[in-house]
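Biologist: Please zoom in on one part of this model and walk me through it slowly. I'm in my first year, so spell out the terms as you go.

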Amino acid sequence: MKLNLMSISIFTLALTIFSLSAEQVLACDCRGQNPDLAEGIRKAKEKSTAVFVGEVVSIKIVRGGDYSREVRLKVSKSWKGAASSQITIMTGGGGGDCGYFFEVGKSYLIYAYDDRENLTTNICTRTTPAGTEKSDKEIKILNKLRK
């Protein structure tokens with residue numbers, strides 16, 4: 001198949017128009033992670049409104065606002081701010097909005113913060129699945145910080 005000059009010009013023009021008309025897409029950007037584990041956990045706890053382990057009871061898709069998922073959790077252990085036995089947090093849908101992907105029935109170590117009227121979390125916090133080597137190390141440090 002031979003491309004002539006006219007075909008190349010049309011393709012270049014179409015590509016240019018497409019590039020200029022595309023909206024700016026904001027990607028998730030997680031900066032400022034502290035490389036020292038204990039210090040990073042201490043600072044994350046200090047900045048967070050709530051730090052706890054909870055099992056996901058339900059996930060509800062919501063429309064409007066900055067967050068698209070409402071996650072209800074049964075709290076099993078709290079280091080800060082999660083005084084009730086169940087708590088609801090908000091997160092995005094994932095991808096460029098930094099939303100954290102939760103699964104019903106699984107437990108997570110959650111670092112949540114206030115954003116207007118909601119407790120929220122995202123992939124830029126230290127939130128992680130519970131029962132992993134990473135979360136076990138974090139829980140040991142959180143227990144030491146409590147003392």
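**How the strands pair up**

Modeller: Let's start with strand 1 and strand 4, which are paired antiparallel through six bridges. Two bits of vocabulary: strands here are DSSP runs of E with at least two residues, helices are runs of H or I with at least four, and both are numbered from the N terminus. Two strands count as paired when DSSP finds at least two bridges between them.

A quick word on what you're looking at: this is a predicted model, so local features need pLDDT of at least 70, side-chain atom pairs count only at pLDDT 80 or more, and totals for chains, interfaces and linings use all residues. Residues are numbered from 1 along each chain as its sequence is written, and side-chain values use heavy atoms, with hydrogens and water left out.

Back to that first pair: find G54, and you'll see Y108 of strand 4 standing opposite. Strand 1 also has a partner in strand 2, again antiparallel, with ten bridges joining them. One example is F52, whose bridge partner in strand 2 is S78.

From strand 2 you can step across to strand 3 (residues 86–91), another antiparallel pairing, with six bridges. There, R69 has T91 of strand 3 as its bridge partner. Strands 2 and 3 form a hairpin with five residues between the strands, and G81 in that hairpin has a positive phi near 70 degrees.

Now go back to strand 4 and head the other way. Strand 4 pairs with strand 5 over three bridges, antiparallel once more, and D115 sits opposite N118 of strand 5. This is a hairpin too, with two residues between the strands, and R116 in the turn takes a positive phi of about 60 degrees. Strand 4 is also joined to strand 6 by two bridges, running antiparallel; L109 has T128 as its bridge partner there.

As you trace the strands, keep one general habit in mind: in a regular strand, side chains alternate between the two faces of the sheet.

Let's stop at one residue, I59, which belongs to strand 1. With a relative accessible area of 28%, I59 is partly exposed. The cut-offs are under 20% for buried, over 50% for exposed, and partly exposed in between, using a 1.4 Å probe and protein chains only. Leaving out residues up to four places away in sequence, I59 touches R69, E70, V71, F102, E103 and V104, where a contact means heavy atoms within 4.5 Å. Measure along the sequence and I59 is 31 residues from M90, yet their C-alpha atoms are 9.5 Å apart in space.

Next, look at the loop between strand 5 (118–120) and strand 6 (128–129), where N122 is found. N122 is buried, at 13% relative accessible area. Setting aside neighbours within four places in sequence, N122 is in contact with T91, C98, Y100, Y113 and T127. The Y113 meeting is a polar contact between the two side chains, at 2.7 Å. That term means a pair of N or O atoms within 3.5 Å; within protein, one must be able to donate a hydrogen and the other to accept it, and residues adjacent in sequence count only if both atoms are side-chain atoms. A polar atom of the N122 side chain is also 2.7 Å from the backbone nitrogen of C124.

How does a helix meet these strands? Helix 2 (residues 37–47) has four named buried residues, G40, I41, A44 and K45. They span an arc of only 130 degrees around the axis, so they are on the same side of helix 2; the arc is that of the directions from the helix axis to the C-beta atoms. Their cover includes strand 1 (50–61), strand 2 (69–80), strand 4 (107–115) and helix 3 (133–146). The face turned away from the buried side carries exposed E46 and K47.

Finally, zoom out: the chain has three helices and six strands, in the order α-α-β-β-β-β-β-β-α from the N terminus. Of its 147 residues, 31% count as buried.
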